[in-house]
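Subject: A structure for you to explore

Hello,

Here is the structure I promised to pass on to you. Have a look at it first, and then read on for what turned up in it.

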Amino acid sequence: MGSLARLLLVTWLFLPVFDAEPGKKRTARQRDEELIERYNEICNRGSPGIPGREGNPGANGIPGSPGIPGRDGIRGEKGECMQERLEEPWRVNYKQCAWKALNYGIDLGKVVECTFTKIRMDSALRVLFIGPLRLKCKTPCCQRWHFTFNGAECNGPLPIEAIVYLDQGSPEFNSTINIHRTSTVEGLCEGITAGLVDVALWIGLCAEGYPQGDASTGWNSVSRMVIEELPN
């Protein structure tokens, strides 16, 4: 580019900067911006540079203020109060059946029966029979007194029973032993369903094939059966 061309370029660039309208004052920064703008109008722009690398992550901002509380949800169904159910007091439930001078001489079969109302499914029954029992024979014999519940012996866990075994009488006097003793048959039975329960005391044979003797239950005294429902 010749000297004349350079002179014309400089004149074209700087002349408008100094040729300001009367009464308007511009700062040095405004004049520089106008000069750069005019220069860019006549010069060719270069190609874009390579994008810079990403900067480091900024610090966490200040936590925002709490939002507006949401509206109440739909009312749910009433549930079971677990604490009230666990703290429900145990209701005492028992029954007693009594007989005066039962004097029952049956050797095999049902002796007495008492009906009981069981309230809960998850409870056990405690049963008790107390009264005179007697067995006599001239040769060794054995009898078994046991409880049944609705006609079946207890299997939770095992039968409730008591036995009386007698060896023999006196061979010298050809007599038999005839002793009536107040005895107890007692136990707990689990797994019985709620509702009416027929509790009965039966008499039968012992195991191992012992022969039957002459039995007696409740002679000349009060006999009683007590049934009580207990928590497991």
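How many residues in the lining of the largest pocket are nonpolar, polar and charged? Before the answer, please keep in mind that this is a predicted model. By class, that lining has seven nonpolar residues, one polar residue and two charged residues. You can pick them out by name: L133, R134, L135, V164, Y165, L166, I177, I179, R181 and S183 line the largest pocket. The volume of this pocket is about 150 Å³. Three strands each supply at least two residues of its lining, namely β3 (123–136), β5 (161–166) and β6 (181–190).

Now the overall layout. The protein chain contains three helices and nine strands. If you read along the sequence, the pattern is α-α-α-β-β-β-β-β-β-β-β-β. The chain has 232 residues, and 25% of them count as buried.

Next, the sheet. Four strands form an open sheet, in the order β2-β7-β4-β5, and the pairing is antiparallel. Which strands stand at the edges? They are β2 (109–118) and β5; each has a single partner strand, so one side of each is left without a neighbour in the sheet. From one strand to the next, the twist averages 15°.

Strand β4 deserves a visit of its own. It covers residues 141–149 and pairs with β5 in the antiparallel sense over six bridges. Two pairs are easy to find on screen: C142 has Y165 in β5 as its bridge partner, and R144 has I163 in β5. You have already met Y165, since this residue is also part of the lining of the largest pocket. Strand β4 is also joined to β7 by seven bridges, and these two strands run antiparallel. One pair to look for there is T148 with its bridge partner A200 in β7.

Is β4 enclosed or open to the outside? Nine of the nine residues of β4 are buried, so this strand is largely enclosed by the rest of the structure. A general point helps here: in a regular strand the side chains alternate between the two faces of the sheet. In β4 both faces are covered. On one side C141, Q143, W145, F147 and F149 are buried, and on the other side C142, R144, H146 and T148 are buried.

Two of those residues turn up again in the core. The largest nonpolar core has 29 residues, and those with the most contacts inside it are F147, F149, I160, V199, M225 and I227. The elements that give two or more residues to this core are β2, β3, β4, β5, β6, β7 (195–205) and β9. Which of them gives the most? That is β3, with five residues. As background, in soluble globular proteins nonpolar side chains tend to be buried together.

For a contrast, look at L196, which is in strand β7. At 63% relative accessibility, L196 counts as exposed, because the cut-off for exposed is over 50%. L196 and T117 are 79 residues apart in sequence, yet their C-alpha atoms are 4.5 Å apart in space.

Finally, here are some backbone details in the loops:

- G156 and P157 are joined by a cis peptide bond, with omega about 10°. P157 has its place in the loop between β4 and β5.
- N103 has a positive phi of about 50°, although this residue is not a glycine. You will find N103 in the loop between β1 (93–100) and β2. With a relative accessibility of 40%, N103 counts as partly exposed.
- N220 is another residue other than glycine with a positive phi, near 55°. N220 lies in the loop between β8 (214–217) and β9 (222–231). Its relative accessible area is 54%, and N220 is exposed.

A good way to start would be to colour β4, with its buried residues on both faces, and then to find its partners β5 and β7. After that, you could show the residues that line the largest pocket, among them L133, V164 and I179.

Enjoy exploring, and write back with any questions!

Best wishes

Terms used. Residues numbered from 1 in each chain as written. Predicted model: local features only at pLDDT ≥ 70, side-chain atom pairs only at ≥ 80, totals over all residues. Heavy atoms only, no water. 1 Å grid on protein atoms, 1.4 Å probe; cavity = no way out; pocket = protein on both sides within 12 Å on 5 of 7 lines; lining within 4 Å. Points joined across faces, edges and corners; volume = space filled by probe spheres on them. Nonpolar A, V, L, I, M, F, W, Y, C, P; charged D, E, K, R; others polar. Pairing = 2+ DSSP bridges. Axes fitted to C-alpha atoms, helices over the stretch in contact; angles between N-to-C directions. Buried < 20%, exposed > 50% of the residue type's maximum accessible area, 1.4 Å probe, protein only. Core = buried A, V, L, I, M, F, W, Y, C linked by side-chain atoms within 4.5 Å.
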